[in-house]
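Here are a few exercises to work through with the model open beside you. Try each task before reading its solution.

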Amino acid sequence: LLTVMMINTGVDERDYWQSARALARGLPYPELSHRTTRYGVILPVAAAQAVFGSHPNVYYILPIANCMAQAALAYAIGVRLRGRLTGFLAALCLVLFPYMIRAGSQVRPEVFSITYVLAAILCFVDYMDRRNERFRPLAWTAAWLFVAYETKITNLYLVPGLLAAVAVYKRKPRHALALAGILFGLFLAETGAYAAFTPYKLGELEIITQKHFHEDSFTVPRIIDLLQRYSPANLQAYWSLPFAVFAVASAAYLARGRDKRI
C-alpha cells in the first residue's frame, strides 16, 4: 500500500480494464486480440467491477489481493517442502522483489500469473508427496495451469518440467500423459468455443498470428534473438542475479541433494 504506483495508461492496461468493464456492464466487447482474450485477468477484474463498480480505486483491488495470496502460497509451498523458515523466506523474497512494486500496482498478466502458477505448484507438491495412486491433486494442477495459460500463454513453459517430474521422479508415465491430455483437451474445448462463437476457427492461434504477423512481414525471429531479452542490456541486475543463482543452485541440488522432491 505504501509503494503503490499510479495507474498506467498504456494499451495493455486499458484493454484489460475495458474488457472487464464491458462484461460487468453488458457493453459491446472489444475486438478480440491477444490481450482481450486473457480471461485469467479479465474475468476476476470484471467480478470486482460488478461488486465494487468501476471507480479508479477499484483498479487496485485485484493486484493487491493477488500479492497477498501469493505471499500465502509461497509460504505454504516453502513449509511443505522444507519448513516454516523456508516458507517465511520464500514469501519475504517475493514480497520484497523490486518488480512487485509495479506488478502489485497494475492490472497486468504477471500479477495474476504468479498466483495461478503458485497454486499449480502447491497442488503439484501435494501430488508428489502422496504415495497412493490418487490423481486428484494432479488434476487440480492441470486446472490451475490452464487458468495460467488463459492469463498468458507463456505460462505453459512450466509444463515440460512438471511432466518430467511425474514421469521420472514419480515414475508415473500414465499420469504424465493424463496431465498433458487434460491440458490438450481443455485447449481443444477452448478452440471449439472460438470456432463456434467467433470468426477465429483456429482459436487463440489464429488470433495471435493475425495480430502479430502480416502478409508482407511474416518473419519468425531466431532463437538467439529471443534470448537477447535476457542480456544485461535489457534485463536489470535484480532479475539477472536470481536467474543465475537459481540455475547454479538447481543443477547443484539435482546432482547432490538428498530430497529428490526439491
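A disulfide is a pair of cysteine sulfur atoms within 2.5 Å. Keep in mind that this is a predicted model.

**Exercise 1.** Work out how many disulfides the structure has, taking C93 as your test case.

Solution. Start at the sulfur of C93 and look for the closest cysteine sulfur: that one sits in C67, 15 Å away. The cut-off is 2.5 Å, so the C93 and C67 sulfurs are too far apart for a bond. Widen the search to the whole structure and the count is 0 disulfides.

**Exercise 2.** Sort C93 and C123 into buried or exposed.

Solution. Exposed means over 50% relative accessible area, and buried means under 20%. C93 comes out at 56%, so it goes in the exposed bin. C123 has 17%, so it counts as buried.

**Exercise 3.** Check whether the length of helix α7 (residues 136-151) fits 1.5 Å a residue.

Solution. The helix has 16 residues, so α7 should span 22 Å. Now take the C-alpha atoms at its ends: they are 23 Å apart, which agrees. While you're there, pick out the buried residues of α7, among them L138, L145, F146 and Y149.

**Exercise 4.** Find out what surrounds K170, and which side chain of opposite charge is nearest.

Solution. Locate K170 in the loop between α8 (159-169) and α9 (173-197). K170 is buried yet has no salt bridge: D129, the nearest side chain of opposite charge, is 7.3 Å away. Next, look for polar partners: a polar atom of the K170 side chain lies 3.1 Å from the backbone oxygen of Y127. Leaving out residues up to four places away in sequence, K170 touches Y127, M128, R130, R131 and A165.

How values were computed: Residues are numbered from 1 along each chain as its sequence is written. This is a predicted model: local features need pLDDT of at least 70, side-chain atom pairs count only at pLDDT 80 or more; totals for chains, interfaces and linings use all residues. Side-chain values use heavy atoms; hydrogens and water are left out. Helices (H or I, at least four residues) and strands (E, at least two) are DSSP runs, numbered from the N terminus. The expected span of a helix is 1.5 Å times one less than its number of residues. Buried means under 20% relative accessible area, exposed over 50%, partly exposed in between (1.4 Å probe, protein chains only). Lys and Arg count as positive and Asp and Glu as negative; His and the chain ends are not counted. A salt bridge is a side-chain nitrogen of Lys or Arg within 4 Å of a carboxyl oxygen of Asp or Glu. A polar contact is a pair of N or O atoms within 3.5 Å; within protein, one must be able to donate a hydrogen and the other to accept it, and residues adjacent in sequence count only if both atoms are side-chain atoms. Contact means heavy atoms within 4.5 Å.
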